[in-house]
Structure formats: C-alpha cells, structure tokens
Amino acid sequence: MDKHSDSVMYGGMEVYNIWGTTTVDSIIGESDVMRALKNRICKIGNSDSTVAITGESGTGKELIARAIHLAGNRGNKTFVAINCAAIPEPLLESELFGYTKGAFSGADSKGKIGKFELANGGVVFLDEIGDMPIQLQSKLLRVLQEKKFTRIGSNELIDIDVRIISATNRDLFELVKENKFREDLYYRLNVIPLEVPPLRERGDDIQILINNFIDKYSRKMKKNVYHIEPDVEQMLLKYPWPGRELENTIELALNLLEEDGIIHKGIINRKILEYFKLNNINIKLLEESDYEISMEQDILTLEEFERAYIKKVL
C-alpha cells in the first residue's frame, strides 16, 4: 500500500490528515512520551536501518511505521504491510518472496510476485514478527544480510532495496531465550528500537483523544454532545486504557446518546464501571483529590499547582 492509502484511526492515535497520509504531525499526542517518540521518528526517517516497534496490542504500531516511511526519502515509494500471524505458515514464504509458475501444487500458473519485490525501493512492514516461523526467519536473515532473495521454485537471485520495519507485542528477547526466535535475526531487526506507550501512560493525551473521538463520532452520527457528567469524565480520564478501548467506549456512548446530549453512566461500557467498583475507587474522592493541595503530598508540577490553585480561587 502506498502513501496515498486511506487514513486510519487505531489505538488512541488518530490520523486526521486530509490527504489520507500518516505523517508525524497527523499523530495526536502532546504528552512527553509522545513528543519524544515523534521526535525520534523525524530523526530516523532518512535512515535505511531496520526499526523494531514494540508495544501492546492496539497502540498504533502500524501508524508509527507509516509515519517513519513518510518521514524519510522513501516516502514516495511503496509501503507494503504484511501480518505474519494472519497468514498460514505454508503460505507466508510465498507471500513474502513470491513463486514461479508450477512451483507447487495449486500455485498460480503465471507465478506470483512477492511483497519484497513489490516494495522494492520502499518499505516492508512485518507486523507480528514474533509469530514468524523459525525456518522462515533464516531466509529473512539472508535477505537482510545479502539484499537478495529467490522466488520459490527459482534459482535466480533478485536484488532488493527495501527498508524493513517490524512490530510485535511480544517480548522477542524472551522468545530468543526460549529458542523460538533467532538471536542473530533479533539483532538485525532491532537496530533502531521504538516503544509505543499505551494510552494509560500518556497523561493529558487522554483528554485530547476523548475530544477528538467525540468530534469524530458526533459528525459521523449527526449527534451533539453537550455535557459529560463529572463522575463519568473522571472515569474516562483515570481508567487504565488498553489498546483502542477508549475509542470503542466513545463510539458506544455516541450510539446510545439521547436527545439531551449528556454522556452518563448508563451509556458507558459496563466493564469500565465494574473496574472502579471492583477496585473500590470512589470517583467523587478521586475528583476532589485532583484539586486539593496537601502539605504531605509530593511536590507538584507547575501544571498541577496551577490547576489546583485556580480551582481553589474559583
């Protein structure tokens, strides 16, 4: 898929660029961790070194890969993504490297071009790399070392110029210890490591994303949100969000929104309500503690102090 592909919203990272491209600027997030991540993407864009993106499921690893692609000198070349866990093991090698006519039973009589050949000059994104079969890892390693490969059923070497970006939600080093992933391939892929933080570690980004998701689904469903009940807002801000659950929660709320335009507990995912109930978290106390300065608490940041002080003045 090339740089003109449709935009994506995934794992709390919304792509809103009107041209449908995933640039660094189109990734929402102003927290320190996201600023640092976007800064690194800009720095590594022109490099040909491999990039290994790690992070929990639903944190937007493919969006980061696409942003790296467009941040560099390969941005006008092809970006090809392949999910190593979604393709049956016997077919994965032919998907990556292609095959010649008559290479095996059931093969296309005309042969087939592989993803690496298709992406020549551009970027190959190997998602869920931790699920790649161990025998195929050897062939991938040779491609990284020699910049050449052969189609299945052929002895002809094909020169290749691609940048490889991989991603996984698994601990590859642990897989190496368990002899499920080649150590030499691990180091080849992990030249530039990037970790995508989960939404729960992104601080004020949660509020920004809540607003963006509400805006998105309000326009899509032609509904207006006039108010979020304070206790619900605190739940949304304090819940330890995994993956893309925040977006799903807002989409559900907008589907159930009544004419009064109020987001209340009755239209919030029950899983979230149960989390606070099971953990005995009092939302009202949580809300008040945000604005209360105590001599016994740790030193506040300037932003926390300003918010607390303004609340007291009001």
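**Figure 1. Aspartate 25 in the loop between β2 and α1.** In this predicted model, aspartate 25 sits in the loop that runs between β2 (13-14) and α1 (32-44). Its relative accessibility is 66%, so aspartate 25 counts as exposed. Have a look at lysine 38 as well: the C-alpha atoms of aspartate 25 and lysine 38 are 8.2 Å apart in space, with their positions 13 residues apart in sequence.

**Figure 2. Arginine 74 and its surroundings.** Arginine 74 belongs to the loop between α2 (61-71) and β4 (79-83). Is this arginine buried or exposed? Arginine 74 has a relative accessible area of 8%, which falls under the 20% cut-off, and therefore it is buried. Its side chain reaches the backbone oxygen of glycine 121 at 3.0 Å. Setting aside residues up to four places away in sequence, arginine 74 touches Asp48, His69, Gly121, Gly122, Val123, Asp161, Val162 and Arg163. Glycine 121 thus appears both in that contact list and as the partner of the arginine side chain.

**Figure 3. The largest nonpolar core.** This core holds 29 residues, and Leu96, Phe116, Leu126, Ile129, Leu140 and Phe181 are the ones that touch the most other members. At least two core residues come from each of β4, α3 (89-97), β5 (123-127), α5 (134-146), α6 (172-177) and α7 (183-189). The most generous of these is α5, with five residues. For a closer look at one member, follow phenylalanine 116: leaving out neighbours within four places in sequence, it is in contact with Leu96, Phe97, Val124, Leu140, Val143, Phe149, Ile160, Val162 and Ile164. The model also has a second, separate core of 26 residues, whose members include Ile206, Phe213, Val232 and Leu254. As a general backdrop, nonpolar side chains in soluble globular proteins tend to be buried together.

**Figure 4. Aromatic pairs and a cluster.** How many aromatic pairs does the model contain? The count comes to nine aromatic pairs. In one of them, the ring centres of phenylalanine 97 and phenylalanine 149 are 5.6 Å apart and the planes meet at 40°, so this pair is tilted. Phenylalanine 97 is part of helix α3 and phenylalanine 149 is part of strand β6 (residues 148-149), so the pair ties together parts that are 52 residues apart in sequence. Both of these phenylalanines are buried. Tyrosine 186 and tyrosine 187 give an edge-to-face pair, at 5.0 Å centre to centre and 75° between the planes. The burial of these two tyrosines is worth noting too: tyrosine 186 is buried at 14% relative accessibility, whereas tyrosine 187 is partly exposed at 46%. Elsewhere in the view, Tyr239, Trp241, Tyr275 and Phe276 form one aromatic cluster.

**Figure 5. Helix α8 and the residue that follows.** Helix α8 covers residues 205-221, which is 17 residues, and reaches 24 Å from its first C-alpha to its last, close to the 24 Å expected at 1.5 Å a residue. Which residues of α8 are buried? They are Asp205, Ile206, Leu209, Ile210, Phe213, Ile214, Tyr217 and Ser218. An α-helix has 3.6 residues a turn, so residues three or four places apart point the same way. Among the buried residues of α8, Ile206 and Phe213 are also members of the second core of 26 residues. Just after the helix, lysine 222 takes a positive phi of about 55°, although it is not a glycine. Lysine 222 lies in the loop between α8 and β10 (227-228), and at 77% relative accessibility it counts as exposed.

**Figure 6. Asparagine 179, with a positive phi.** Asparagine 179 is a residue other than glycine with a positive phi, near 60°. Its place is the loop between α6 and α7. With a relative accessibility of 65%, asparagine 179 counts as exposed.

**Figure 7. Two cysteines and the chain as a whole.** Cysteine 42 is partly exposed at 48% relative accessibility, while cysteine 84 is buried at 3%. The disulfide count comes to zero. Stepping back, the protein chain comes to 13 helices and 11 strands, and buried residues make up 44% of its 314 residues. Of the contacts with a separation of 6 or more, 71% join residues 24 or more positions apart.

Methods:
Residues numbered from 1 in each chain as written. Predicted model: local features only at pLDDT ≥ 70, side-chain atom pairs only at ≥ 80, totals over all residues. Heavy atoms only, no water. Helix = DSSP H or I, 4+ residues; strand = E, 2+ residues; numbered from the N terminus. Expected span 1.5 Å × (residues − 1). Buried < 20%, exposed > 50% of the residue type's maximum accessible area, 1.4 Å probe, protein only. Disulfide = S-S within 2.5 Å. Polar contact = N/O pair within 3.5 Å; in protein donor to acceptor, adjacent residues only side chain to side chain. Contact = heavy atoms within 4.5 Å. Core = buried A, V, L, I, M, F, W, Y, C linked by side-chain atoms within 4.5 Å. Phe/Tyr/Trp six-rings, centres within 6.5 Å; stacked < 30°, edge-to-face > 60°.
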